[in-house]
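Biologist: Before we discuss the chain, please put it on the screen. I will then ask how each label was earned.

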Amino acid sequence: MVLDYNNAKQKLLTFDIDGCQRFFAENGCLLELGYCFLLSDNLKDARAAFIQAREFDKRANWALFMTNLFLNLPADYPSYFELRNFLEIDLNILIQAGKGEFVEKLISYADFFYTINPEVYKYLGRVFLNNDLEQYGYFFLMRAKDYFYNDPELHYLLAEFFFNKKDFKEAKKYAQTCLEVLPEYFPAKKMLEKIADAV
């Protein structure tokens, strides 16, 4: 099969690095090539690709920051928007790719990231929940609740966590808190219906 960009990107997202790295190299897709190197533990080449790519792709700044962390090199601070747009996506990729060391390194900066973007704990909690790492997800969501209480989605995520644990009392409590923060939050209304059906 002749690869096009979309096929190559799909291979990257399913960690078929051998199936896409050559395409990205031959077609000047430096950001994607950098991620191929990163997921292959070739951090020096990843860093070089991201340095080149950041001239024309803002995501490369975040990828370079992340790679510098993994290499224990000095790094510029990430921006509020880089954390909002890329932290959750890349943490999810690293978890699914089995890059535990990179995941640990990235989340070790959670408190620092929070000083730049107060929603960081929620992002971390959500990505861990979505990857069936519930206790890590719960830990970060509770940290988020301590610092960013008036976020309706945060309470909804906690309601989902407890619903999946079949702790319907706690699930109901968090769904109701969500609606106290934002009375029209539709997912929380549906959650209360699910809880009523389950008990």
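Modeller: From the N terminus on, the elements run α-α-α-α-α-α-α-α-α-α-α-α-α. The model is a predicted one.

Biologist: What does the secondary structure come to in helices and strands?

Modeller: The chain has 13 helices and 0 strands. Its C-alpha atoms fill a box of roughly 55 × 40 × 30 Å along the principal axes. Of the 199 residues, 45% are buried.

Biologist: What makes helix α3 count as mostly covered?

Modeller: Helix α3 spans residues 30–39, and 10 of its 10 residues are buried. Buried means under 20% relative accessible area. The buried residues include Glu 32 and Gly 34 as well as Leu 30, Tyr 35 and Phe 37.

Biologist: Which helices are included in what covers the buried residues of α3?

Modeller: The cover includes α1 (5–13), α2 (21–26), α4 (43–53), α5, α6 and α7 (100–107). Following α3 comes Asp 41, with a positive phi near 65 degrees.

Biologist: What does Tyr 35 touch, leaving out residues up to four places away in sequence?

Modeller: Tyr 35 touches Leu 12, Phe 50, Arg 59, Trp 62, Ala 63, Met 66 and Asp 90. Tyr 35 is also listed, with Phe 24, Trp 62 and Leu 106, as having the most contacts inside the largest nonpolar core, which has 67 residues. In soluble globular proteins, nonpolar side chains tend to be buried together.

Biologist: Why are α5 and α6 called oblique to each other?

Modeller: The axes of α5 (residues 59–70) and α6 (residues 80–96) cross at roughly 55 degrees and come within 10 Å. Roughly parallel needs an angle under 35 degrees, and roughly perpendicular needs 65 to 115. The angle of roughly 55 degrees fits neither class, so the pair is oblique. The crossing of α5 with α6 is right-handed.

Biologist: Which residues of α5 and α6 meet?

Modeller: From α5 they are Arg 59, Asn 61, Trp 62, Met 66 and Phe 70; from α6 they are Glu 82, Leu 83, Phe 86, Leu 87, Ile 89, Asp 90 and Leu 94. By class, this contact has 8 nonpolar, 1 polar and 3 charged residues.

Biologist: How do you know whether α12 and α13 are roughly parallel or roughly antiparallel?

Modeller: Helix α12 (residues 168–181) packs against helix α13 (residues 186–198) at about 155 degrees, with the axes 9 Å apart. Roughly antiparallel needs an angle over 145 degrees, so α12 and α13 are roughly antiparallel. Their crossing is left-handed.

Biologist: Which residues make the contact between α12 and α13?

Modeller: Among them are Phe 168, Ala 171 and Leu 179 of α12, and Met 191, Leu 192 and Ile 195 of α13. The classes in the contact of α12 with α13 are 10 nonpolar, 1 polar and 2 charged.

Biologist: Is Glu 119 buried or exposed, and why?

Modeller: Glu 119 has a relative accessible area of 17%. Buried means under 20%, so Glu 119 is buried. Glu 119 is found in the loop between α8 (110–116) and α9 (120–130). Not counting residues up to four places away in sequence, Glu 119 touches Tyr 80, Phe 148 and Asp 151.

Biologist: How many of the chain's contacts with a separation of 6 or more are between residues 24 or more positions apart?

Modeller: Such residues account for 49% of those contacts.

Methods: Residues numbered from 1 in each chain as written. Predicted model: local features only at pLDDT ≥ 70, side-chain atom pairs only at ≥ 80, totals over all residues. Heavy atoms only, no water. Axes fitted to C-alpha atoms, helices over the stretch in contact; angles between N-to-C directions. Helix = DSSP H or I, 4+ residues; strand = E, 2+ residues; numbered from the N terminus. Left-handed = near helix turned anticlockwise from the far one by under 90°. Contact = heavy atoms within 4.5 Å. Nonpolar A, V, L, I, M, F, W, Y, C, P; charged D, E, K, R; others polar. Core = buried A, V, L, I, M, F, W, Y, C linked by side-chain atoms within 4.5 Å. Buried < 20%, exposed > 50% of the residue type's maximum accessible area, 1.4 Å probe, protein only.
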